[in-house]
Amino acid sequence: MTAPTTQPAENSDDARASLEALRTEIAKAVVGQDPAVTGLVVALLCRGHVLLEGIPGVAKTLLVRALAASLELDTKRVQFTPDLMPGDITGSLVYDARTAEFSFQPGPVFTHLLLADEINRTPPKTQSALLEAMEERQVTVDGTPRSLPDPFLVAATQNPVEYEGTYPLPEAQLDRFLLKLTVPLPTREDEINVLTRHAEGFNPRDLQAAGVRPVAGPADLESARAAVARTSVSPEIAGYVVDICRATRESPSLTLGVSPRGATALLSTARAWAWLTGRDYVIPDDVKALALPTLRHRVHLRPEAEMEGVTADSVITAILAHVPVPR
């Protein structure tokens with residue numbers, strides 16, 4: 001992808017306007033999931049990946065498809081099952097009888113937005129193959145590394161209520177996800193809106209008929225990423241991020257706190273959020289706004305705290321209330 005050729009500030013303003021238009025465009029297909037939309041955009045800006053948690057039927061798949069259509073990006077979906085093999089994700093070598101040679105057949109991971117549906121239903125060996133793709137932006141087949149497209153985002157889903165026959169993601173793999181977004185049930189008004197749309201002929205499998213059009217593209221995303229990289233962070237803000245993460249390591253409710261990688265992730269998402277809201281510098285409110293989705297999956301509750309009804313979100317919220325805010 002070529003570097004922007006016009007003035008950075010102008011590109012930055014145009015890119016921000018284009019990405020802000022995503023909400024309106026995606027809302028033509030998905031009702032009432034603005035936080036999840038924002039989280040996915042933040043992940044794209046930070047070159048990160050997203051874990052989407054919600055019960056079946058709350059439009060997680062539709063959300064990713066609508067985002068891809070609005071950004072003019074390619075997307076693929078993989079239903080993770082216990083018999084899924086690593087080659088089903090990454091691709092494999094296929095023998096061609098006509099040429100008597102093996103050729104590489106790319107797997108679904110060769111896309112811009114990969115929806116990994118119910119990732120915790122596949123064995124660790126297949127999960128680890130996806131982990132290489134997420135971390136290294138490449139897959140290795142028969143000893144040969146093959147680069148993935150850019151942008152590349154994995155949106156993995158998991159069901160929060162049904163754990164029979166699942167392979168829970170280990171902490172090391174959870175830490176590779178930039179954000180964990182919860183996709184809640186819609187409000188009564190939003191659900192009525194959904195039913196009304198379906199009664200009027202809305203087809204979730206035909207986004208073009210629903211009026212979803214590309215309002216941004218890879219060039220806008222590249223310009224936006226460059227602008228986010230220029231967003232300044234004061235030493236006080238960096239210290240605030242570190243203090244929050246260190247407080248999780250000292251919490252009596254947790255057996256595992258946030259790692260330095262998690263602190264880096266929080267700083268990255270706060271910078272992206274600051275830029276999206278029109279600033280070229282980070283303030284404490286940016287850190288607070290992204291703390292829950294960035295940190296909730298990087299901590300591990302003590303069993304006794306879990307039995308008392310303590311949640312990761314409640315621990316992080318309490319820490320945010322107690323850590324001194326820089327002025």
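Arg279 is a good place to start: with a relative accessible area of 17%, this arginine is buried, since buried means under 20%. Its side chain meets that of Asp286 in a salt bridge, N to O at 2.7 Å. Asp286 is buried too, at 1% relative accessibility. Keep in mind as you look around that this is a predicted model.

Salt bridges turn up in other places as well. The count comes to 13, and some of them share partners: Asp175, Arg261 and Arg298 are joined that way into one network.

Now move over to helix α8, which covers residues 218-229. Two salt bridges are worth a look here. In one of them, Glu222 pairs with Arg47, and the N to O distance is 3.8 Å. That still counts, because the cut-off for a salt bridge is 4 Å. The two partners come from distant parts of the chain, 175 residues apart: Glu222 sits in α8, while Arg47 belongs to the loop between α2 (34-45) and β1 (50-53). Glu222 has a relative accessible area of 21%, so it is classed as partly exposed. Arg47 is also partly exposed, with a value of 39%.

The other α8 pair is Arg225 with Asp150, whose closest N and O atoms are 3.3 Å apart. Again the link runs between distant parts of the chain, with 75 residues separating Arg225 in α8 from Asp150 in the loop between β7 (144-147) and β8 (153-158). Is each partner buried or partly exposed? Arg225 has a relative accessible area of 6% and is therefore buried, whereas Asp150, at 38%, is partly exposed.

Stay with Asp150 for a moment, because the backbone there deserves a check. The peptide bond leading from Asp150 to Pro151 is cis, and its omega is near 5 degrees. Pro151 lies in that β7 to β8 loop. In other words, Asp150 has its side chain in a salt bridge with Arg225 and its peptide bond to Pro151 in the cis form.

If you are scanning backbone torsions, two more residues should catch your eye. Ala59 is not a glycine, yet its phi is positive, at about 75 degrees. You can find Ala59 in the loop between β1 and α3 (60-71). With 27% relative accessible area, Ala59 is partly exposed. Glu118 is another non-glycine with a positive phi, this time about 55 degrees. It is located in the loop between β5 (113-117) and α5 (124-136).

Finally, let's turn to a helix pair. Two packed helices are described by the angle between their axes and the distance between the axes. For α11 (residues 284-295) and α13 (residues 312-322), the angle is about 150 degrees and the axes are 10 Å apart. Angles over 145 degrees count as roughly antiparallel, so α11 and α13 are roughly antiparallel to each other. The crossing of α11 past α13 is right-handed.

Which residues make the contact? From α11 come Lys288, Ala291, Leu292 and Leu295, and from α13 come Asp313, Ile316, Thr317 and Leu320. By type, the contact between α11 and α13 is made up of five nonpolar residues, one polar and two charged.

How values were computed: Residues numbered from 1 in each chain as written. Predicted model: local features only at pLDDT ≥ 70, side-chain atom pairs only at ≥ 80, totals over all residues. Heavy atoms only, no water. Axes fitted to C-alpha atoms, helices over the stretch in contact; angles between N-to-C directions. Helix = DSSP H or I, 4+ residues; strand = E, 2+ residues; numbered from the N terminus. Parallel < 35°, antiparallel > 145°, perpendicular 65-115°, else oblique. Left-handed = near helix turned anticlockwise from the far one by under 90°. Contact = heavy atoms within 4.5 Å. Nonpolar A, V, L, I, M, F, W, Y, C, P; charged D, E, K, R; others polar. Buried < 20%, exposed > 50% of the residue type's maximum accessible area, 1.4 Å probe, protein only.
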